[in-house]
Amino acid sequence: MAARGMATAVAHPNVALVKYWGKQAGAGNRPATPSLSVTLSGIATTTRVEAAPADRLWLNGEEVQDAKVAGFLAELRTAFDIPGLAITTDNDFPTGAGLASSASGFAALTTAVDAAFGLGLGGTERSAWARRGSASAARSIFGGFVALVERDMEPIAETVASAEHWPLAVTVGVASRRMKSVGSTEGMERARATSPFYKAWTTSTHDDFAAALRAVRARDFDALAEVAEHSSMKLHALTLTSRPAIVYWAPATVAALHALAQLRRAGTGVFASIDAGPQVKAFSALDDADEVAEALANVPGIERVIRCGIGPGAVVTEAG
Ligand code: 2P0
């Protein structure tokens, strides 16, 4: 397709099984640790870009100013000739509340800009640019199980197993739709600077990553459950021991954790993962997803349950 200054792209949020929390010193938004995620199906960000006299951004129908987007575009323009942009971006899920809207947002924006202005980026390059907007966005460029690792001093994201390899269900319990209190970038920097556990986090995450990768390759649910819940809990141990502390959980978050533990005691394979917000993401076999969704829906304070699976990477849906 010839690039004529307009394109639309769709990308999906991802949930990390082994979490990223903390950056290397210096420029380029480079994670301090490896991470491993699944890209979700069932929820999406759709982003349209078009050449315009000046940059303007509409998020879910409202015009907004966004310093992260402005900084990202400024960085892209040091490498490519890109005009002013009218950007419209819509999430079909709660924005900025721990459902990785920045991951799907920057993955969709990078993919749309690439298509609209013929930048000719391959997947790896697109992922590297998306990372500069938001590191987790590097993973949403790709589908299935995706690793973000350092190779030859460069962070590289790649699919390590397809969605078909192990089609798990990811059931999201929405505990609050409010925007999160402290953004991820600020939260990470606070943990690095103040949590006494930060060093232990950066060293131990390498073993977590290796264990999770082995579990995914072997489709070993119990092994994945153990290491993924541990990584999620360890991330929240960091936020709770930052100074001042950051408590991303709502009361319903804790109630959902107990409900899932009860399901597990009753014999259902399920584990929980929580990001920089109150939502609980429950992983299970597809056959158990109805039961997991029902259990989450019955938790007091859970406002809504969203059923997801493991999905594809970012795609261009329209270019002209
Ligand atoms: C993750 N999160 O691995 C972790 C777990 C949230 C908790 O990556 O500063 O929006 O823009 O690179 O990618 C969310 O942080 O942060 C995130 P920046 P990002 O999914």
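What follows is a chat between a first-year student and the author about this predicted model.

Author: Quick ground rules: this is a predicted model, where local features need pLDDT of at least 70, side-chain atom pairs count only at pLDDT 80 or more, and totals for chains, interfaces and linings use all residues. Residues are numbered from 1 along each chain as its sequence is written, and side-chain values use heavy atoms, with hydrogens and water left out.

Reader: Why is Ser195 called buried?

Author: Buried means under 20% relative accessible area, exposed over 50%, and partly exposed in between (1.4 Å probe, protein chains only). Ser195 has a relative accessible area of 8%, so Ser195 is buried.

Reader: And where is Ser195 found?

Author: Look in the loop between H5 and helix H6 (198–218). Helices (H or I, at least four residues) and strands (E, at least two) are DSSP runs, numbered from the N terminus.

Reader: Which residues does Ser195 touch?

Author: Not counting residues up to four places away in sequence, Ser195 touches Arg190, Leu238, Thr241 and Ser242. Contact here means heavy atoms within 4.5 Å.

Reader: What makes the pair of Ser195 and Thr241 side chains a polar contact?

Author: A polar contact is a pair of N or O atoms within 3.5 Å; within protein, one must be able to donate a hydrogen and the other to accept it, and residues adjacent in sequence count only if both atoms are side-chain atoms. For the side chains of Ser195 and Thr241 the distance is 2.9 Å, and the pair is a polar contact.

Reader: Why does Arg190 count as buried?

Author: Arg190 counts as buried because its relative accessibility is 17%, set against the limit of under 20%. Arg190 is found in helix H5, and its contacts beyond four places in sequence include Ser195, Ser242 and Pro244.

Reader: What about Pro312: why is it called partly exposed?

Author: Pro312 has 46% relative accessibility, so it counts as partly exposed. Its place is in the loop between strand S13 (304–310) and strand S14 (315–319). Leaving aside neighbours within four places in sequence, Pro312 is in contact with His12, Thr39, Phe142 and Gly143. The C-alpha atoms of Pro312 and Ala11 are separated by 8.1 Å, though the two are 301 residues apart along the chain.

Reader: Now the ligand. Which residues come nearest?

Author: Lys23, Lys68, Ser134, Ser136 and Thr185 do, out of the 19 residues around the ligand. A residue is near a molecule if one of its heavy atoms lies within 4 Å of it; the rule for a strand is the same.

Reader: How do you know that polar side-chain atoms meet the ligand's oxygen atoms?

Author: A polar side-chain atom of Lys23 lies 2.6 Å from an oxygen atom of the ligand. For Arg139 the distance to a ligand oxygen is 2.7 Å, and for Ser102 it is 2.9 Å. The protein covers 95% of the 470 Å² of accessible area that the ligand has on its own (Shrake-Rupley method, 1.4 Å probe; for residues, only the protein chains shown count as cover).

Reader: Which helix gives the most to the shell around the ligand?

Author: Helix H5 (residues 184–194), with three residues. The shell also draws at least three residues from each of domain 1 (6–164 + 312–319) and domain 2 (167–309).

Reader: How do you know where the domains begin and end?

Author: The bounds come from an automatic or database domain assignment. The C-alpha centres of domain 1 and domain 2 lie 22 Å apart, and their contact takes 35 residues from domain 1 and 51 residues from domain 2.
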